[in-house]
Structure formats: structure tokens, C-alpha cells
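Trainee: I would like to learn how to read a structure like this one. Could we go through some features in turn?

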Amino acid sequence: MTVAHAQMLVQEFVVLDADPPADLAGLSRLALWCQQRYAPLTSVDPPNGLWLDVTGCIHFWPDEIGLLVDLNDRLGRSGISARGAIADTPAAAHAAARFRSAPATVVEPGESKSASLDLPVAALRLASDIVVGLRRLGFETIGHLARAPRPQLALRFGPEPGRRLDQLNGLLFEPIEPVFAPERIRRRATFVEPISTAPAIETAIEHLVQQLVQDLDQTGLGACSLDLITERVDGGRQAVRVGMARPTRDAPHLRKLLVAQIEKLDPGFGIDAISVSAPLVAPLRPESAGTLVHREPDIRSLASLVDSLGNRLGAERLFRVAPVESDVPERSWRALPPLAPPANVTWPTELPRPLRMLAPPELVDTMALMPDEPPAFFVWRRDRYRTARVDGPERIHGEWWRSDREVDAVRDYFRIEDERGQRYWLFRSGISNESRWFLHGLFG
Amino acid sequence: MVRAAELGNRPTGALPSLPFGLNEIDSALPTGGLMLGAVHEVMGGGPDSVHGAAAASFVGGILARTQGPIIWTFVRRDLFAPALAGVGLHPDRVIYVEAGDSKTVLLVLEEALRHVGLGGVVGEVDGVIGLTASRRLQLAAETSGVLGLIMRRPRRLTVNAELETTAAHTRWRVTSVPSGPPLIWSPATPGLARARWQLDLLRCRGGEPKCFVVGACDATGHLGLSADLADRSDAPVEQSRAIA
């Protein structure tokens with residue numbers, strides 16, 4: 001189709017000259033952005049692809065598809081339409097991303113080959129003359145090709161189809177050469193002999209962190225996260241990432257965080273080189289070493305402990321709680337990051353609240369003398385509790401401005417003490433005759 | 001020699017402690033209060049041993065009287081923070097760590113207990129701890145001087161955590177007991193008085209086990225004297241004499 005033909009068919013047809021160097025530069029910028037947000041090892045796949053090695057990075061997202069959806073969302077907001085796939089091998093992900101119609105595909109572990117059998121042979125990244133030749137012989141899909149005898153195939157088309165099939169299978173390792181921003185603070189050490197023991201790696205880390213901290217010091221920056229990348233003898237790379245709650249350039253602290261990750265590293269036949277880099281940095285002013293004036297112990301002095309626990313358990317497992325102005329008990333709090341500035345507010349203390357909350361509230365069977373009275377006894381989890389004393393009700397209305405369902409929602413809360421002195425927080429839901437009783441919490 | 005090595009970096013002299021402010025309890029403890037730089041165990045009694053609501057309130061009251069940040073680690077997330085604010089523990093002071101299982105709780109406990117400058121560290125453990133693990137925690141607390149509190153929350157009522165031997169300094173059991181009428185002079189008035197606990201000091205290094213009946217923690221984390229003793233007026237005694 002000529003430009004004139006296209007212009008005739010589509011009004012407001014815009015013609016731009018192709019600019020491969022600018023495309024590549026844009027792609028590199030995207031790869032670097034992905035590096036900060038998604039995975040330590042990213043690379044460009046010209047003309048229009050990105051590689052992300054997400055090994056060990058999935059736990060930041062609910063699942064693999066969640067990562068892809070997040071990536072697609074963010075790219076979409078910048079006006080980039082993209083399709084993505086996650087698979088065991090780069091080749092399988094490459095094929096699924098380009099030849100499946102879904103915007104996000106996850107190939108289950110161990111199914112790299114079987115999931116790709118119905119894709120056309122062009123998905124194997126073969127030269128176009130090989131693809132044409134294969135199709136002329138009747139090889140339409142990868143499945144056809146995989147069943148064909150290898151020697152004859154190699155005789156006719158060279159080693160390339162066999163190599164690509166092996167890469168798809170994971171039989172042949174395919175390294176991803178990562179890109180790094182030139183301004184990235186990064187230190188790399190290469191070894192004369194490959195190392196593989198934990199103490200050796202630890203020494204290397206200590207060395208690298210010291211150099212890195214000097215770099216950070218000179219530029220007035222603090223690291224918000226660190227990547228440790230090992231380069232193995234067989235060409236493979238393994239990366240681990242640690243995050244910090246606050247920017248820091250405290251060498252012992254950073255060293256401790258990285259050393260705790262050594263157990264995740266697989267040295268294989270030996271490690272040739274290790275690099276430590278800071279993908280995310282933030283300005284950090286020089287701090288005085290200490291002060292003679294005694295200060296109140298501040299929650300922010302906990303950065304080292306919080307980082308160490310956060311990297312071991314996952315940062316979202318650590319949280320603080322701050323009040324939310326809502327009468328509905330479940331909504332009266334929200335989680336904060338552990339080192340967020342103090343909120344300086346607390347809940348009103350005149351309304352007693354239970355120490356343990358049941359989420360969701362549990363339905364209990366009750367027996368009351370009069371319909372409107374609190375129960376004389378209730379059955380919870382097949383145990384019977386006889387009421388000795390009661391305090392209440394405390395009426396809590398639904399928040400009608402949130403949804404229509406809450407307009408009529410009313411809960412009458414009672415504090416009930418049983419014969420043994422244990423106190424329970426029960427509520428009656430609704431004010432009609434069909435009201436039901438729920439146990440919502442236990443007091444101390 | 002092992003003992004000397006263990007005692008090597010322990011601070012000498014008077015051991016700091018956190019008094020309860022009730023003479024009855026403080027005098028039963030050899031250090032005149034809960035020893036800091038040590039691990040203490042708290043468990044619920046009776047039907048509450050699974051949920052540990054009263055025990056958590058007791059722990060919250062203790063921590064409300066300390067200074068500095070608190071690490072509170074647990075297996076499952078059922079603690080309701082507004083209630084802790086009700087016993088005087090400000091929400092800004094507490095960092096919660098959801099560990100997922102008991103083993104991780106112990107790991108977090110040990111790491112946090114090694115950190116100097118915390119007001120206290122709490123861990124809710126739902127299984128056995130073991131003597132070795134508890135000894136490690138105790139040593140970690142001794143080196144940092146941080147107050148460590150372990151809440152025992154067995155998954156089922158049949159598991160009895162009281163029988164396990166650990167290196168904890170003291171062991172407490174908090175059981176709710178029926179509270180009296182809200183107004184002594186008018187027993188028919190409906191309502192609830194201050195909750196009442198039976199506080200059992202089950203084990204105490206260098207002290208005797210003892211049992212107290214106390215009023216639950218108030219808004220500043222202080223225990224109250226047993227309502228029977230504190231609020232009892234002279235009237236009933238006089239009355240009984242009159243009848244006799």
C-alpha cells in the first residue's frame with residue numbers, strides 16, 4: 001500500500017518517518033523505568049520489546065497476572081499499548097506476548113513448551129527465509145516442528161530451528177543482558193577465581209557496599225533500594241533486591257540487609273562477578289554523628305530493624321495503625337507504613353472497645369426473655385454462654401453516604417458479661433423482628 | 001565458665017524494673033516490679049486462653065507505662081488497636097508485624113529484642129516455644145535491656161502452655177472473674193463495673209507464685225486494687241453487726 005492510497009482511505013492520515021535510534025532510546029528509558037519498579041534485571045528487545053527477569057520479584061504483587069496488569073495499566077496511561085507474558089523461559093514469554101491475543105498471558109511453570117505448540121513457527125524468532133521455507137514444507141505450528149526429526153531439519157535449515165526449540169524448552173540457557181542507566185550508582189567486583197561460598201560472597205558484599213556508600217556520600221544521596229547481581233560462570237545472572245523504609249547510606253546496615261539475602265543466591269558452578277547498585281536514590285543530607293542532648297526515643301530510629309524485618313517477611317507485613325473518623329468499628333482504623341510520621345491522634349477512650357475482633361462478625365443463637373432485651377444466653381461456636389450483666393445498647397448507624405445498602409443498617413451493640421466474668425461484644429443487626437445477633441469481639 | 005561467658009555483657013548493679021504501682025504485686029516480685037531486660041510470659045486463663053483478650057489488655061497496660069516504640073508481632077491479625085488505645089497505648093508507638101506462623105514470631109521477637117531503644121516487644125505464640133528458643137530470647141533481652149513479653153495463645157483449649165518449661169523470668173495468667181455491680185450501694189442498677197481479673201503469678205525467678213484479684217487496666221494502663229478491697233464501705237460490716 002502506498003502512502004497516497006492510505007491517505008485516500010483514512011482521513012487525517014499522519015505520516016511520520018521511522019526513527020529507529022530514537023525508538024531504541026525510548027525503549028531503553030522504559031527498560032530503566034521497569035528496573036526501578038518491577039525487576040532488577042531488564043533489557044531492551046529491539047525494535048519493540050522489553051525483557052524483564054521477574055524471578056524473585058513476584059511477591060511484591062498478588063500474583064503474576066497482577067504484575068502484568070499493573071505494567072499494562074501504567075504503560076496504557078502513558079499512551080503505550082502493550083501485551084505481556086510471563087513464562088519459565090524468555091523464548092516462551094516472547095512467543096506468548098507476540099502471538100496470543102490476550103493483553104496479559106501467564107504460562108504456567110513447566111508448560112513452556114506444551115503451551116506454545118499451537119503457535120505459528122514465526123513465533124520462534126527465526127529468520128524470515130527459514131520461516132518461509134518451513135511453511136513451504138508444511139510446518140505451520142511449533143508443534144509440527146517439534147515432532148519433526150532433528151537431523152534432517154538441521155541438514156536443511158541449519159542449527160537455528162533446533163536451537164530456538166531448545167531455548168523454548170529451557171534446555172538451552174538464554175541470558176538477558178541487562179541495561180543500566182549511566183548515572184546509576186553501581187559498583188562491580190570481578191574475581192580471579194569463581195567464588196561460591198557464603199563467607200566469600202559476604203566479603204565481596206562488604207567491600208562493594210563500602211565503595212557504594214562512599215559514592216553515595218560524595219553525591220549527597222541515600223539509597224532507597226539496593227540490587228545485588230551475581231554473574232555466574234555459565235553466563236546466568238541472579239539478582240536480589242532489598243528495600244529500605246528510609247533513604248540511607250549506613251554501610252553496616254546495608255551490608256547486613258544484603259548478607260541476609262545470601263541464602264537466596266544459587267552460586268551454581270561459581271560466581272565470576274558481583275555488582276551492587278542503587279536503583280532508587282533520594283537526597284540525604286549529612287547527619288551529625290550524635291548529640292549530647294538526650295532525646296525521646298523516636299519511632300524513626302527503628303529504620304534498621306524495620307528494614308531487616310521488612311526484607312525478610314515482606315514490607316507489607318509491617319504496619320502501624322492510625323484512627324479513621326468512622327463510627328463503624330471495622331472502618332475506624334487504617335494501616336500506615338511503619339516509619340510514617342506520627343499521626344498524633346488516638347481513638348476516643350470513653351467508648352469501650354474489645355481487644356480481639358472477629359472478622360467477619362459471627363452469627364450467634366440467642367434466647368431473650370423479651371424481644372427487645374439483650375439475650376439471656378447465647379450459643380457461639382457450639383458453646384453456651386449465660387448472661388450475667390449487660391451494658392448497652394450503643395447504637396451505630398450505617399454510613400449512608402457510602403452505599404445505599406447502609407441507609408437502613410443499624411447495629412445495637414451490647415457489652416455482655418457471662419457467669420465466668422468474660423466480656424463479649426454482641427450486636428443486634430437491624431431493628432425489625434427478623435433482627436439477628438452477632439458476636440463481634442472479646443473484651444479483656 | 002559458661003555462666004561467666006553468659007553473664008559477661010550483662011549490666012551489673014541494680015536491675016531496672018517497671019513497677020505495677022500496686023504494693024501487693026510489686027512486693028511479690030524480687031525486683032519490685034516487672035524486670036526490664038528480661039522475657040515475661042503472659043497467658044489467658046479459662047475460656048479466654050485461646051483468644052487471650054484479657055492477657056492482651058494486661059500486656060497493653062504494661063507497655064502503656066513504658067517509653068519508646070513497641071513491636072507487636074502475631075500470627076493472625078485479630079488485635080483491635082482502638083482497645084489498646086483504651087488502656088493508654090498510643091497507636092503511634094506500636095509497629096505491628098504479621099508473622100504468619102509461630103516460628104516467624106520467635107524470629108521477629110529475637111531480632112527486635114536485640115534492638116536497643118525499644119519500649120517493649122510482644123509476640124503472640126500459638127505453639128510450644130522450647131527451652132532453647134526461650135533462652136535465646138532471654139539472652140537477647142538481657143543484652144539490649146528491652147522488656148520482652150510473650151503471649152501464649154494455644155490454638156485449642158486442650159493445649160496447656162502452663163506446663164512448658166521456658167527460660168522466661170516470670171509467667172502470668174490473666175483470667176476474667178465476675179465483676180461486681182456497677183454501684184455497690186445499688187446492686188439492682190444495670191450496667192457493668194470495671195472488669196475484674198484474677199492475676200496468677202505462676203512462676204517467678206527468685207520469688208514465690210502468688211495470686212491477686214485486681215481491677216482491669218484503666219485508661220493509663222494501671223491495674224486497680226480489687227474492687228472488694230478498695231471500694232468496700234464500712235456499711236455492710238456495721239449492718240452485719242447490727243443483725244448479729
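Trainee: Is A:Glu231 buried or exposed?

Mentor: This is a predicted model, and every value here is computed from it. Buried means under 20% relative accessible area. A:Glu231 has 11% relative accessibility, so A:Glu231 counts as buried.

Trainee: Which residue forms a salt bridge with A:Glu231?

Mentor: Side chains of opposite charge can pair when their charged atoms come close. Here the partner of A:Glu231 is A:Arg188, with the closest N and O atoms 2.8 Å apart. A:Arg188 has a relative accessibility of 43% and counts as partly exposed.

Trainee: Where do A:Glu231 and A:Arg188 lie?

Mentor: A:Glu231 is in strand β6 of chain A and A:Arg188 in strand β5 of chain A, so the pair ties together parts that are 43 residues apart in sequence. The two residues also belong to a network of salt bridges that includes A:Glu177 and A:Arg237.

Trainee: Which strands do β5 and β6 of chain A pair with?

Mentor: Strand β5 (residues 185-195) of chain A is joined by 7 bridges to strand β8 (residues 271-283) of chain A, and the two run antiparallel. In that pairing, A:Ala189 stands opposite A:Ile274. Strand β6 (residues 221-232) of chain A is joined to β8(A) by 10 bridges, again antiparallel. There A:Arg232 stands opposite A:Ile271.

Trainee: How many salt bridges are there over all chains?

Mentor: The search of the whole structure finds 45. One of them is formed by the side chains of A:Arg411 and A:Glu330, at 3.2 Å from N to O. A:Arg411 is in strand β14 (residues 410-418) of chain A, and A:Glu330 is in the loop between β9 and β10 of chain A, 81 residues apart. A:Glu330 is partly exposed, at 33% relative accessible area.

Trainee: How many salt bridges are there between chain B and chain A?

Mentor: The count is 5. In one of the salt bridges, B:Asp78 pairs with A:Arg356, and the closest N and O atoms are 3.1 Å apart. B:Asp78 lies in the loop between β4 and α4 of chain B and A:Arg356 in strand β11 (residues 356-367) of chain A, so the pair joins two chains. B:Asp78 is buried, with 14% relative accessible area, and A:Arg356 counts as buried at 1%.

Trainee: What is B:Arg153 in contact with?

Mentor: Leaving aside neighbours within four places in sequence, its contacts include A:Arg356 and B:Asp78, and also B:Glu124 and B:Asp126. B:Arg153 lies in the loop between β7 and β8 of chain B and is buried, at 3% relative accessibility. Its side chain reaches the backbone oxygen of B:Val50 at 3.1 Å.

Trainee: How much area do chain B and chain A bury between them?

Mentor: The size of an interface is often given as the accessible area lost when the parts come together. For chain B and chain A that is about 4,500 Å², with 62% of it on carbon and sulfur atoms. On the side of chain B, B:Phe80, B:Asp92 and B:Leu192 lose the most area to chain A, together 17% of what that side buries. By contact, 59 residues of chain B meet 50 residues of chain A.

Trainee: Which strands pair between the two chains?

Mentor: Strand β9 (residues 318-323) of chain A and β5(B) are joined by 2 bridges and run antiparallel. The bridge partner of A:Phe319 is B:Tyr96.

Conventions
Residues numbered from 1 in each chain as written. Chains lettered and ligands numbered in written order. Predicted model: local features only at pLDDT ≥ 70, side-chain atom pairs only at ≥ 80, totals over all residues. Heavy atoms only, no water. Contact = heavy atoms within 4.5 Å. Buried area = accessible area lost by both parts, 1.4 Å probe. Salt bridge = Lys/Arg side-chain N within 4 Å of Asp/Glu carboxyl O. Pairing = 2+ DSSP bridges. Helix = DSSP H or I, 4+ residues; strand = E, 2+ residues; numbered from the N terminus. Buried < 20%, exposed > 50% of the residue type's maximum accessible area, 1.4 Å probe, protein only. Polar contact = N/O pair within 3.5 Å; in protein donor to acceptor, adjacent residues only side chain to side chain.
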